[in-house]
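Open your viewer, switch to the cartoon style and keep the selection box handy. We will walk from stop to stop, choosing one thing at a time.

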Amino acid sequence: MEAHISITMTKKDLRYFVLRHAYTGMSGIMGIVISLISLIYLILGGGDTPMGKLLLLFMALLFTVIQPVMLIQRVDRQFKTSQAFQNTLEYTLSEEGIGVLQGEQKGMIPWENLRKLIETKDYILIYVTARRAFVFPKNQLEGKAESVKDVIRTFMKPSKCHWK
């Protein structure tokens, strides 16, 4: 059982992955909570001095505006400079694992080395490490989404898979 797919990463795909990764973990959630608490405190009249109000405003914007803008800018720079995002990646999902081919470079990640899979409405994310993942945009699977899922279900431990 095998599946072959070709993926060309777009800036939108990379932005989605980075922002999702930043805001679905505990630190991302805590950042949002801190920003919301700061905003509520500011609205309720907290921060007795102008400097206090400015600090609360900064904290309110830090994780809801400033950090996302900085992450998007970093993604855009990375997208421009990294050769990995300029070419199509050819993936082969087989009994051995997930094979990747880009130009002359190729590699294979065995199924047991994969950390987890997360399916969203538009993506299948297969984490290799806590911060690195294969990003499969469903709009690029060209009708192969079910065969890709079947191969993954066959070879990846169900406890590591979080299907939509």
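Start by selecting strands 5, 6, 7 and 8: these 4 strands make an open sheet with the order 7-6-5-8 and mixed pairing. Its edges are strand 7 and strand 8 (161-162), each of which pairs on one side only. Keep in mind that what you are looking at is a predicted model.

Now zoom in on strand 5 and strand 8, which pair in the parallel sense over 2 bridges. Show Leu117 and you will find Cys161 of strand 8 standing opposite.

Next, add helix 1. Helix 1 packs on this sheet, where strand 5, strand 6 and strand 7 are touched, and its direction makes about 60° with that of strand 6. Add helix 4 too: helix 4 lies across strand 5, strand 6 and strand 8, and runs at about 30° to strand 6.

**Along helix 1**

Select residues 11-24 on their own. Helix 1 has 14 residues and reaches 20 Å from its first C-alpha to its last, close to the 20 Å expected at 1.5 Å a residue. Which residues of helix 1 are buried? Colour Asp13, Leu14, Phe17, Val18, Arg20, Ala22 and Tyr23 to see them. An α-helix has 3.6 residues a turn, so residues three or four places apart point the same way. Show what surrounds the buried residues of helix 1: they pack against helix 2 (26-43), helix 3 (50-81), strand 5 (116-119), strand 6 (123-127) and strand 7 (133-137).

**Into the pocket**

Turn on a surface and look for the largest pocket, with a volume of about 1100 Å³. Its lining is made of 38 residues, and those nearest the centre are Phe17, Arg131, Arg132, Ala133 and Phe134. Among the elements that give two or more residues to this lining are helix 2, helix 3, strand 2, strand 3 and strand 4. Which element gives the largest share of the lining? Helix 1 does, with 7 residues.

**The other sheet**

Select strands 1 to 4. They form an open sheet in the order 1-2-3-4, with antiparallel pairing. At its edges are strand 1 (3-7) and strand 4 (105-110), each pairing on one side only. On average, neighbouring strands here are turned by 20° against each other, direction ignored.

Focus on strand 2 (residues 89-94) and strand 3 (residues 97-102), an antiparallel pair with 5 bridges. Show Tyr91 with its bridge partner Val100, then Leu93 with its partner Ile98. Follow the backbone between these two strands and you will pass through a hairpin of 2 residues. Helix 4 (residues 145-155) packs on this sheet as well, touching strand 1 and strand 2, and its direction makes about 50° with that of strand 2.

Now move to strand 1 and strand 2, which run antiparallel and are joined by 5 bridges. Pick Ser6 here, and find Glu90 of strand 2 opposite.

**A last stop at Met59**

From Ser6, draw a distance line to Met59: the two are 53 residues apart along the chain, and their C-alpha atoms are separated by 42 Å. You have arrived in helix 3. Why does Met59 count as partly exposed? Its relative accessibility is 25%, and partly exposed covers the range between under 20% (buried) and over 50% (exposed). Leaving out residues up to four places away in sequence, Met59 touches Ile34, Ser35 and Ser38.

Technical notes: Residues are numbered from 1 along each chain as its sequence is written. This is a predicted model: local features need pLDDT of at least 70, side-chain atom pairs count only at pLDDT 80 or more; totals for chains, interfaces and linings use all residues. Side-chain values use heavy atoms; hydrogens and water are left out. The expected span of a helix is 1.5 Å times one less than its number of residues. Buried means under 20% relative accessible area, exposed over 50%, partly exposed in between (1.4 Å probe, protein chains only). Contact means heavy atoms within 4.5 Å. Two strands pair if DSSP finds at least two bridges between them. Axes are lines fitted to C-alpha atoms, for helices over the stretch in contact, and angles run from 0 to 180 degrees between N-to-C directions. On a 1 Å grid over the protein atoms alone, a cavity is a set of points where a 1.4 Å probe fits but cannot get out, and a pocket is an open set with protein on both sides within 12 Å along at least five of seven lines; lining residues have an atom within 4 Å of a point. Grid points are joined across faces, edges and corners, and a volume is the space filled by probe spheres set on the points.
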